[in-house]
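Student: Please take one strand and look at it closely. Then show me how the rest of the sheet is built around it.

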There are 2 protein chains.
Amino acid sequence: MIVTPIGFVRATRQTPEDDNWGGTESAIALADELPEDALVGLDAFSHAEILFAFHQVDPAKIVTGARYPRNNPDWPKVGIFAQRGKNRPNGLGLTTVRILGVAGRVLRVAELDAIDGTPVLDIKPVMDEFLPRGPIAQPDWSHALMRDYWRQTDDNPSGRSEA
Amino acid sequence: MIVTPIGFVRATRQTPEDDNWGGTESAIALADELPEDALVGLDAFSHAEILFAFHQVDPAKIVTGARYPRNNPDWPKVGIFAQRGKNRPNGLGLTTVRILGVAGRVLRVAELDAIDGTPVLDIKPVMDEFLPRGPIAQPDWSHALMRDYWRQTDDNPSGRSEA
């Protein structure tokens, strides 16, 4: 199957990092092929799901079986589909962001954990009805892994996008 | 960009329908190319995000601009990225499901709104830290559209999968 970017991320952060995405503001600019009205009405929603490609991952590093999350042997070795790391089959990333606004062909968002130039494959509005139905359970290691993910640092260069 | 199915849906429902997905149980069987341990540890999570392809959509019907959701003129005409309908660029679907269990190469799930044979492109565990941060807001039309989406009917043929 062939997929085509529907837009590209404009962000301050130029290289992938594991943590400290809190406070990040960035933008998604529609690809030239798409009309401006593809984004009409999106700002009536508070949040959107952004589906993007981990475009800088070396194909040789893709894991298809099990591994330690972040290669940390303190955590259990689990299958690639039991973790959200970037070295995964198809290299697809998915993050729920806060919508800051729509201006013409540009969607401004908060807390998108994607670097500058990332190809975006889809944007979907978050509807309460599509959130998890029933209580959430997850293993302790995943809480430990996420501890600093959304941490906001004063000197975080991605804290404000220039986009 | 080329993406390859990592698995396929086994479900009772054979044709797309808008509503009444409540109670659906189905399964995702890993593609032959992937090792069984790709799913190890996934059953420690209560929920997963399933990324799949709307593989039966006619490319001629894909909307790139704005349209009435479900072609219903009672609702506002909004951009394709302000709705979750299947006739969208790249034809990618995304649903949060409840995990029922993992057995070898098969993941059993509840409330996956995908028909039998659907190609699956990724499976990601739901972590509380990746859910929307801050309160959710969405327009009234989206609540109206979703009213019967998860309705469970006694005679719903997809209520139990044979997978």
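Tutor: Start at E49(A). In this predicted model, E49(A) stands opposite K124(A) in β8(A). On the β6(A) side, E49(A) stands opposite T96(A). One residue of β3(A) back, A48(A) has P125(A) of β8(A) as its bridge partner.

Now take the whole strand. β3 of chain A covers residues 47–53, and β8 of chain A covers residues 119–125. The two pair in the antiparallel sense over 5 bridges. β3(A) also pairs with β6(A), residues 92–103, again antiparallel, and here 7 bridges are counted. β3(A) is mostly covered: 6 of its 7 residues are buried. A residue counts as buried if 20 or more other C-beta atoms lie within 10 Å of its own. As a general point, side chains in a regular strand alternate between the two faces of the sheet.

Next, the sheet. In chain A, 6 strands close into a barrel. The order is β1-β2-β7-β6-β3-β8, with antiparallel pairing. On average, neighbouring strands of this sheet are turned by 45 degrees against each other, direction ignored. β3(A) sits between β6 and β8 in that order.

Move along to β2(A), which sits between β1 and β7 in the order. β2(A) spans residues 25–30, and 5 of its 6 residues are buried, so it is largely enclosed by the rest of the structure. One partner is β1(A), residues 7–10, joined in the antiparallel sense over 4 bridges. In that pair, R10(A) stands opposite A27(A) of β2(A). The other pairing to note is with β7(A), residues 106–110: 5 bridges join this strand to β2(A), and the two run antiparallel. There, the bridge partner of A29(A) is V106(A) in β7(A).

Last, the second chain. Chain A superposes on chain B by a rotation of 180 degrees with 0.0 Å of shift along its axis, and the RMSD is 0.0 Å. That is the relation of a two-fold axis. The same surface serves both copies: 100% of the contact residues of chain A recur in chain B. Which residue of chain A comes closest to the rotation axis? I2(A) does, with its C-alpha at 2.3 Å.

To pull this together, go back to E49(A). K124(A) of β8(A) stands opposite E49(A), and so does T96(A) of β6(A). The strand that carries E49(A) is one of the 6 that close the barrel.

Methods:
Residues are numbered from 1 along each chain as its sequence is written. Chains are lettered from A and ligands numbered from 1 in the order in which they are written. This is a predicted model: local features need pLDDT of at least 70, side-chain atom pairs count only at pLDDT 80 or more; totals for chains, interfaces and linings use all residues. Two strands pair if DSSP finds at least two bridges between them. Axes are lines fitted to C-alpha atoms, for helices over the stretch in contact, and angles run from 0 to 180 degrees between N-to-C directions. A residue is buried if 20 or more other C-beta atoms lie within 10 Å of its own, exposed if 12 or fewer, and partly exposed in between; C-beta atoms are placed from the backbone. Copies are superposed by least squares on the C-alpha atoms of residues with pLDDT of at least 70 in both. Two residues are in contact if their C-beta atoms, placed from the backbone, lie within 7 Å.
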